[in-house]
Amino acid sequence: MPEATAVFNGKTIAQTSSYEFVEGNAYFPPSSVDKSVFTPSETHTVCSWKGTASYNNITVDGKEAKDAAWFYPEPTTERASGLKDYVAFYKSKVDVKVE
């Protein structure tokens with residue numbers, strides 16, 4: 001499997017070859033993400049088959065991207081159960097590459 005990386009403001013914040021690719025997004029396992037750059041957001045959205053997503057802001061060297069990362073702490077369907085706590089990033093805010 002190709003490696004997936006997420007870079008924000010020049011810093012690699014996630015890197016793995018064990019990701020899930022769903023609906024055009026790479027979902028990174030929690031252990032592959034540098035959560036020290038995260039601060040919790042109040043934002044939540046609902047997906048009909050994945051459940052309620054929680055969001056994080058990302059800050060690196062003083063630059064912040066609001067609601068740039070999301071995850072599903074409690075997926076609501078069996079189909080989504082493998083995404084529990086995996087982190088995805090908005091590609092318009094974070095440079096995500098799979099190669």
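The exercises below work through a predicted model, each with a task followed by a solution in steps.

**Exercise 1. Aromatic rings**

Task: Find how Tyr55 and Trp70 are arranged as an aromatic pair, and then work out which rings are linked into a cluster with them.

Solution. Begin with the count of aromatic pairs, which comes to 6. One of them is formed by Tyr55 and Trp70, whose ring centres are 6.3 Å apart and whose planes make an angle of 35 degrees. Ring centres must lie within 6.5 Å for a pair, and an angle that is neither under 30 degrees nor over 60 counts as tilted, so the pair of Tyr55 and Trp70 is a tilted one.

Next, place the two residues along the chain: Tyr55 belongs to strand E6 (residues 51-60) and Trp70 to strand E7 (residues 63-71), which puts them 15 residues apart. Both Tyr55 and Trp70 are buried, and for Trp70 the relative accessibility is 7%, a value that falls under the 20% limit for a buried residue.

Now follow Trp70 to a further partner, Tyr90, with which it makes another tilted pair, at 4.8 Å between centres and 50 degrees between planes. Because Trp70 is in strand E7 while Tyr90 is in the loop between strand E8 (87-89) and strand E9 (95-98), this pair ties together parts that are 20 residues apart in sequence. Tyr90 has a relative accessible area of 34% and is therefore partly exposed. The final step gives the cluster, in which ring pairs link Tyr27, Tyr55, Trp70 and Tyr90.

**Exercise 2. Strand E6 and its partners**

Task: Determine which strands pair with E6, in what sense and over how many bridges.

Solution. On one hand, strand E5 (residues 38-47) pairs with E6 in the antiparallel sense over 7 bridges, and within this pairing Phe38 has Ile58 as its bridge partner. The two strands E5 and E6 make a hairpin, with 3 residues between them.

On the other hand, E6 is joined to E7 by 6 bridges, and these strands also run antiparallel; here Val60 has Lys63 as its bridge partner. E6 and E7 likewise form a hairpin, with 2 residues between the strands. Asp61 lies in the loop between E6 and E7, and its phi is near 50 degrees, a positive value in a residue that is not glycine. With a relative accessibility of 75%, Asp61 counts as exposed, whereas E6 itself is mostly covered, since 8 of its 10 residues are buried.

**Exercise 3. The surroundings of Asn57**

Task: Decide whether Asn57 is buried or exposed, and describe what its side chain reaches.

Solution. First locate the residue: Asn57 is part of strand E6. Its relative accessible area is 10%, so Asn57 is buried. Turning to the side chain of Asn57, we find that it reaches the backbone nitrogen of Asp67 at 2.8 Å. Finally, when neighbours within four places in sequence are left aside, the residues in contact with Asn57 include Val37, Phe38 and Thr39, as well as Glu64, Ala65 and Asp67.

**Exercise 4. A sheet of 3 strands**

Task: Give the strand order of the open sheet of 3 strands, and identify its edge strands.

Solution. The order is E2-E1-E9, and the pairing is antiparallel. The edge strands are E2 (11-16) and E9, each of which pairs on one side only. From one strand to the next, the twist averages 15 degrees. Looking at one pairing in detail, strand E1 (residues 4-8) and E2 are antiparallel over 5 bridges, and Thr5 has Gln15 in E2 as its bridge partner. Asn9 lies in the loop between E1 and E2, where its phi takes a positive value near 50 degrees although the residue is not glycine. At 35% relative accessibility, Asn9 is partly exposed.

**Exercise 5. A charge over a ring**

Task: Which residue has its charged end over the ring of Trp49, and at what distance from the ring centre?

Solution. The residue is Arg79, whose charged end sits over the ring of Trp49 at 3.8 Å from the centre of that ring. The distance can be compared with the cut-off, which asks for CZ of Arg within 6 Å of the ring centre.

Notes. Residues are numbered from 1 along each chain as its sequence is written. This is a predicted model: local features need pLDDT of at least 70, side-chain atom pairs count only at pLDDT 80 or more; totals for chains, interfaces and linings use all residues. Side-chain values use heavy atoms; hydrogens and water are left out. Helices (H or I, at least four residues) and strands (E, at least two) are DSSP runs, numbered from the N terminus. Buried means under 20% relative accessible area, exposed over 50%, partly exposed in between (1.4 Å probe, protein chains only). A charge sits over a ring if NZ of Lys or CZ of Arg is within 6 Å of the ring centre and within 35 degrees of the ring normal. A polar contact is a pair of N or O atoms within 3.5 Å; within protein, one must be able to donate a hydrogen and the other to accept it, and residues adjacent in sequence count only if both atoms are side-chain atoms. Contact means heavy atoms within 4.5 Å. Two strands pair if DSSP finds at least two bridges between them. Axes are lines fitted to C-alpha atoms, for helices over the stretch in contact, and angles run from 0 to 180 degrees between N-to-C directions.
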